[in-house]
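Student: I'd like to learn how to read a structure like this one. Could you walk me through a few features?

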Amino acid sequence: MAVNLVNVEAVGKVYGTRALLDSVSLGVSEGDRIGVVGRNGDGKTTLIRILSKLEEADTGRVTHSGGLRLGVLTQHDSLDSAATVRHEVIGDLADHEWAGDARIRDVLTGLFGGLALPGFPHGLDTVIGPLSGGERRRIALAKLLIAEQDLIVLDEPTNHLDVEGIAWLAEHLRARRSALVCVTHDRWFLDQVCTRMWDVQRGTVFEYEGGYSDYVFARAERERIAASEEAKRQNLIRKELAWLRRGAPARTSKPRFRIEAANELIKDVPMPRDTSELMKFASSRLGKTVFDLEDITVQAGPKTLLERVTWQLGPGDRIALVGVNGAGKTSLVRAMTEAAASDGERQPAGGRIVVGKTVRPAYLSQEVHELDPGLRVLEAVQQVRERVDLGKGREMTAGQLCETFGFGKEKQWTPVADLSGGERRRLQLLRLLMDEPNVLFLDEPTNDLDIETLTQLEDLLDGWPGTLVVISHDRFFLERTTDRVFALLGDRTLRMLPRGVDEYLERRRRMLQEAAPAPAATPAKKEKAVSAAEARAAKKELQRIERQLDKISQDETALHTQIADHATDFAKVAVLDGELRELVTRREELENRWLELADELGEAG
């Protein structure tokens, strides 16, 4: 029988006049893998903070089993800005100690792309202070995963990870014995990792068995039976159910409740997209030419990202762009939007981009551009247009579109200054669509959006009659909104992948294996075995080297502290940096000698 790790009993939490949690009782046992979903602001983060005892409940109680080893990833890290990555993640372990630990090697490779931390200026010895929020978050996640825990609680762990990083994290968590409670909007990740779901809605938590796909089926059935939700909400959940049963490729989770009930629910629901009809409509709006890329070269400063790429983006195309960070996805999209904005005058470093005469592009960037904070939500939308034509005879007012994006009648009169990050993201996208573009570039559109808003956006895009290019690490969103996948693999080319993201991951694995240095040939056995006296001498030298390595590690830590203390004294920092480099060189020499001696002793044994 599984041991109970955490009990949440009749917990309540009120903010202002709003009850986020109302008499909630839950439990987490050994082996549980629980995904937490719900709308932004409904209390997901509050629930897991109370469960982790990072926040006090107003009523009820939370109990942890004795000696519970708990690891928590919050949305704001507590890393020491003056420390190095090595100090925070690996601690006092010498290199020969942590390098021999398979878990540490796996975590560093999975989250950073290699043991040397490529992309960080000084590898493990990089000081944390100047790093970006995304880099800090990966460091905090690595620190947590390297430790041993009975229960891991993660709040949005896939944020700032690329497709490969998310796939690695899912595999890593499946292989761990720790129980898991995870808040995330990444539905593919939920399907891969979780076996139970908690749906936080208006102060109550509903529990479901299975991953995200199972949850969608079960929730649709519960709402059908209860008939308590308004018709619009009901139709959206039924449409996503139809997609899960019919449309999305490579679905890995199999529904466990009655297939007959699922089929009954979707029998009258149309296919998610009428592709041929949309293509006809898009052609009438756009003509034959949208974007023709002819032998183009794209650069970012001195770095060449894409070289001599020829590609055609046609009317009604729905394209997913995937690739390693820094491969040029955003730069490629910007090159196209700049060419369109300048009537073809602004061109990339090489080749040319031909833009169709009727093209009206819109670009949703990763940054949320600031709006006048004094404007109300509805005013910010009406500033663009009062009504919008969605094609196929569908038209919406600014107020109706606001409601579709989760801004109810009361919320429409909220000042922009009072909106959360996710709400501002929704408003940014809403204003973009109000301008009636016929080519839409979405760069990480799922950032800060909850699952319910994502399904509403997907539903809107299903019938959107234009050309769509999506850059995203959210595999579920890509499957749901696009028809073809193109990849930038970091080799300056652009390739179509018929099997989508799975093929991309396979190609990346092969590329990394081919790029890895070949293992050193096993030295031939010495004619003469190592004598007992030589073995004793080697052991003594090994012990001496280990003491020296420990001393060097302490000296390195001291130097890093001094560098942080004298950060504004450039002359002093230069001297200290020179001393640090000498220490690193000496450490590498000692580690190589340590490995040689260890090999000799292995032969002697």
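Tutor: Sure, and let's start with a term we'll need. Helices and strands here are DSSP runs, numbered from the N terminus, and a residue lines a pocket if one of its atoms is within 4 Å of a pocket point. Keep in mind that this is a predicted model.

Student: Okay, which helix gives the most to the lining of the second largest pocket?

Tutor: That's helix 18, with seven residues. The pocket in question, the second largest, holds about 1,100 Å³ of space. It has 39 lining residues, and those closest to its centre are Thr-109, Gly-113, Glu-164, Arg-508 and Leu-512.

Student: Which elements each supply at least two residues of that lining?

Tutor: Helix 4 (102-112), helix 5 (133-146), helix 6 (163-175), helix 7 (187-193), strand 11 (303-313) and helix 18 (500-515). By residue type, the lining of the second largest pocket splits into 13 nonpolar, twelve polar and 14 charged.

Student: How do helix 6 and helix 18 cross?

Tutor: For a pair of helices, look at the angle between their axes; 65 to 115 degrees counts as roughly perpendicular. The axes of helix 6 and helix 18 cross at roughly 90 degrees and come within 11 Å, so these two helices are roughly perpendicular to each other.

Student: And which residues meet there?

Tutor: On the helix 6 side you'll find Val-163, Glu-164 and Ala-167, and they meet Val-501, Tyr-504, Leu-505, Arg-508 and Leu-512 of helix 18. Sorted by type, this contact has six nonpolar residues, no polar ones and two charged. You've seen some of these names already: Glu-164, Arg-508 and Leu-512 were listed among the residues closest to the centre of the second largest pocket.

Student: What about helix 4 and helix 5: at what angle do they pack?

Tutor: About 160 degrees, with the axes 10 Å apart. Anything over 145 degrees counts as roughly antiparallel, and that is why helix 4 and helix 5 are called roughly antiparallel to each other.

Student: Is their crossing left-handed or right-handed?

Tutor: The crossing of helix 4 and helix 5 is right-handed. Helix 4 makes the contact with Arg-103, Ile-104, Val-107, Leu-111 and Phe-112, while helix 5 uses Arg-138, Ile-139, Leu-141, Ala-142, Leu-145 and Ile-146. That gives nine nonpolar residues, no polar ones and two charged.

Student: Now for closed spaces. How many cavities of 30 Å³ or more are there?

Tutor: A cavity is a space where the probe fits but cannot get out. The count comes to four cavities of 30 Å³ or more, and the largest has a volume of about 70 Å³.

Student: Which residues line the largest cavity?

Tutor: Arg-86, Leu-93, Ala-94, Asp-95, Leu-549, Ser-553, Glu-556, Arg-587 and Glu-591. Two elements, helix 19 (532-565) and helix 20 (570-604), give two or more residues to that lining. Helix 19 has the largest share, three residues. In the lining of the largest cavity, three residues are nonpolar, one is polar and five are charged.

Student: One last topic, the backbone. Where does phi take a positive value in a residue other than glycine?

Tutor: One case is Ser-23, with phi near 55 degrees; Ser-23 lies in strand 2 (residues 18-29). Arg-492 is another residue other than glycine with a positive phi, near 70 degrees. To find Arg-492, go to the loop between strand 19 (484-488) and strand 20 (495-497).

Note on methods
Residues are numbered from 1 along each chain as its sequence is written. This is a predicted model: local features need pLDDT of at least 70, side-chain atom pairs count only at pLDDT 80 or more; totals for chains, interfaces and linings use all residues. Side-chain values use heavy atoms; hydrogens and water are left out. On a 1 Å grid over the protein atoms alone, a cavity is a set of points where a 1.4 Å probe fits but cannot get out, and a pocket is an open set with protein on both sides within 12 Å along at least five of seven lines; lining residues have an atom within 4 Å of a point. Grid points are joined across faces, edges and corners, and a volume is the space filled by probe spheres set on the points. Helices (H or I, at least four residues) and strands (E, at least two) are DSSP runs, numbered from the N terminus. Ala, Val, Leu, Ile, Met, Phe, Trp, Tyr, Cys and Pro count as nonpolar, Asp, Glu, Lys and Arg as charged, and the others, Gly among them, as polar. Axes are lines fitted to C-alpha atoms, for helices over the stretch in contact, and angles run from 0 to 180 degrees between N-to-C directions. Angles under 35 degrees count as roughly parallel, over 145 as roughly antiparallel, 65 to 115 as roughly perpendicular and the rest as oblique. A crossing is left-handed if the near helix is turned anticlockwise from the far one by less than a right angle, and right-handed if clockwise. Contact means heavy atoms within 4.5 Å.
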